[in-house]
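Me: Before I accept any label placed on this model, I would like to hear the value behind it and the cut-off it was set against. Could you take me through a few cases in that way?

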Amino acid sequence: MSTDPTTRPAPPAYARDAEVHPPLDYPGYRSTALRHPKRGLRLLPHLLTEVTGPLLGEDRISENDSDLTRQHDGEPQGQRIIVHGQVRDGDGRPVPHTLVEIWQANAGGRYRHTGDNWPCPLDPNFSGVGRTLTDDQGRYRFTTIRPGAYPWRNHDNAWRPAHIHFSLFGRAFTQRLVTQMYFPGDPLFFQDPMWNSIPDEKARERLVARFDYANTAPEWALAYEWDIVLRGREATVFEDEVDED
Amino acid sequence: MARYATTPSQTVGPYLHIGLPWPDGPFAVAEGTPEGVWIRGVLYDGAGAPVPDGLIETWQADPEGRFDHPDDPRGAVARPGFRAFGRCPTDANGEYGIFTLKPGPVPGPGGTLQAPHIDVSVFARGMLHRTVTRVYFPEEAAANAADPVLSSVPEPERATLVARPAEDGYRFDIRLQGEDETVFFDV
């Protein structure tokens with residue numbers, strides 16, 4: 001291999017997964033109308049800036065960041081839940097020590113945000129913000145309150161299904177992901193443009209947590225399990241071609 | 001080859017401000033660093049209105065073109081006080097600002113050299129997925145002309161990727177749509 005650093009190849013590129021994600025132009029979600037590029041995206045090769053990314057550590061986390069029920073003097077109202085899962089890449093590799101950030105509405109469906117003024121009370125004991133790092137195996141775990149559904153003005157009688165916002169970094173700029181976790185059996189999916197914007201129905205289901213009775217904390221909290229898959233590497237000529245599926 | 005289907009993206013929504021901003025987010029390099037520059041700009045929608053509920057994130061090499069990351073085949077290089085990552089929500093006027101160090105050139109494919117650049121992610125209410133763009137620097141005309149990514153963009157649109165000089169650094173406005181629409185990349 002050459003010792004000249006300018007001629008060394010970049011590490012393998014990441015697999016492109018545009019077909020999995022919602023389109024930027026989705027008329028059902030009215031606010032996309034003026035906020036989507038019309039020229040079409042230009043292909044960016046995965047060079048050094050794209051295959052690297054911020055590896056943020058413990059300094060981003062403070063005490064109680066992963067337990068949203070203990071961030072105030074009193075306990076928040078609502079159904080206490082554990083939300084846990086594993087972050088992996090598309091090759092099945094766990095993504096260890098990566099920052100996971102969440103934010104959500106309270107049990108009644110109201111966010112602690114100046115822009116959220118619908119007539120549902122704020123909870124003085126709930127901020128709705130959490131952070132954690134995944135462990136060696138890519139696992140994360142939050143304790144929180146099950147968020148409520150809430151109305152919005154996108155269409156007539158529009159309601160957002162209950163959801164928790166998730167933000168993930170992975171290990172490369174290409175893997176950055178912001179998404180939402182939903183709850184199983186929500187009757188509001190049918191009219192939700194966020195949900196319906198995902199072209200493939202199977203892909204939508206990947207945003208739904210699984211009720212996890214086995215990990216319920218007896219006499220304390222229900223549990224939901226939600227695994228997250230970030231982009232994997234593209235195939236290279238050096239890769240073992242064993243078909244494991 | 002990737003075998004597991006990835007988790008789809010969803011919008012950050014209108015309430016991103018409670019969850020994503022960090023007090024030190026805009027400081028990709030420590031506040032007060034003498035060589036630091038501000039990259040400021042406004043995020044505009046297709047009607048030319050500022051977007052007050054967006055989030056800008058930046059990722060870049062250090063002034064020597066190095067990354068503190070194990071996947072850089074040249075090795076990871078840490079630089080004290082330099083996070084290389086910036087995050088800033090847009091304010092009521094659609095403005096953001098990132099305080100950072102100007103990056104150095106970075107190796108490109110086939111022995112080419114990429115001009116100094118910063119990768120940018122744009123998130124906002126009304127965007128179901130992030131968009132990605134790049135900031136290039138106005139005083140790097142020769143390097144910009146040889147940059148494999150920038151030179152692949154048709155000439156009239158190339159200017160949308162080049163920051164303008166400003167008193168304390170650079171100005172980089174981002175237009176999501178319209179006549180001067182910023183060039184965005186499929187990453």
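**Labels and their reasons**

Reply: Let us start with B:Asp173, which, leaving out residues up to four places away in sequence, touches B:Gly41, B:Val42, B:Tyr44, B:Arg164 and B:Thr182. Please keep in mind throughout that this is a predicted model.

Me: What makes these residues count as touching B:Asp173?

Reply: Contact means heavy atoms within 4.5 Å, and B:Gly41, B:Val42, B:Tyr44, B:Arg164 and B:Thr182 are therefore listed as partners of B:Asp173 under that limit.

Me: Why does B:Asp173 count as buried?

Reply: Its relative accessibility is 13%, and the term is kept for residues under 20%, so B:Asp173 is called buried. As for its place in the fold, B:Asp173 sits in a loop of chain B, after strand 10 (169-171) and before strand 11 (174-175). B:Pro116 lies 57 residues away from B:Asp173 in sequence, and their C-alpha atoms are 18 Å apart in space.

Me: Why is B:Pro63 called partly exposed?

Reply: The relative accessibility of B:Pro63 is 27%, and since buried requires a value under 20% and exposed a value over 50%, B:Pro63 falls in between and is called partly exposed. B:Pro63 belongs to the loop that joins strand 2 (54-60) to strand 3 (85-89) in chain B.

Me: How do you know where B:Pro63 stands with respect to B:Pro103?

Reply: Along the chain B:Pro63 and B:Pro103 are 40 residues apart, yet a separation of 4.2 Å is found between their C-alpha atoms. B:Pro103 is also among the contacts of B:Pro63 beyond four places in sequence, together with B:Arg79, B:Leu101, B:Lys102 and B:Gly104.

Me: What makes the radius of gyration of chain B agree with that of a compact globule?

Reply: A compact globule of 187 residues would be expected to have a radius of gyration near 16 Å, and because chain B has 16 Å, the two agree. The C-alpha trace of chain B spans about 50 × 40 × 35 Å along its principal axes, and 58% of its residues count as buried. Chain B has three helices and twelve strands, and of its contacts between residues at least 6 apart in sequence, 67% join residues at least 24 apart.

Me: How do you know which part of chain B carries the feature "domain: Intradiol ring-cleavage dioxygenases"?

Reply: That name comes from UniProt, where an unreviewed entry places the feature at residues 29-178 of chain B; the annotation may be inferred rather than shown by experiment. Computed from the model, residues 29-178 of chain B are 7% helix and 35% strand, with the end C-alpha atoms 33 Å apart. In chain A, the UniProt record lists residues 83-111 for the feature, again from an unreviewed entry, and that span is 0% helix and 45% strand, its end C-alpha atoms lying 19 Å apart.

Me: Why does A:Arg88 count as buried?

Reply: A relative accessibility of 18% is under the 20% limit, so A:Arg88 is called buried. A:Arg88 lies in strand 2 of chain A, and its contacts beyond four places in sequence include A:Arg93, A:Asp227, A:Leu230 and, from chain B, B:Tyr4. Its C-alpha atom is 8.9 Å from that of A:Arg139, which is 51 residues away in sequence.

Me: Why is A:His97 called partly exposed, and why is A:Asn157 called exposed?

Reply: A:His97 has a relative accessibility of 47%, which lies between the limits of 20% and 50%, so A:His97 is partly exposed. A:Asn157 has 59%, which is over 50%, and therefore A:Asn157 is called exposed. A:His97 is in the loop between strand 2 (80-89) and strand 3 (99-104) of chain A, while A:Asn157 is in the loop between strand 6 (150-152) and strand 7 (158-160).

Me: What is phi in A:His97 and in A:Asn157?

Reply: Phi is near 50° in A:His97, a positive value in a residue other than glycine, and near 55° in A:Asn157, again positive in a non-glycine residue.

Technical notes: Residues are numbered from 1 along each chain as its sequence is written. Chains are lettered from A and ligands numbered from 1 in the order in which they are written. This is a predicted model: local features need pLDDT of at least 70, side-chain atom pairs count only at pLDDT 80 or more; totals for chains, interfaces and linings use all residues. Side-chain values use heavy atoms; hydrogens and water are left out. Helices (H or I, at least four residues) and strands (E, at least two) are DSSP runs, numbered from the N terminus. The radius of gyration is taken over C-alpha atoms; the globule rule is 2.2 Å times the number of residues to the power 0.38. Buried means under 20% relative accessible area, exposed over 50%, partly exposed in between (1.4 Å probe, protein chains only).
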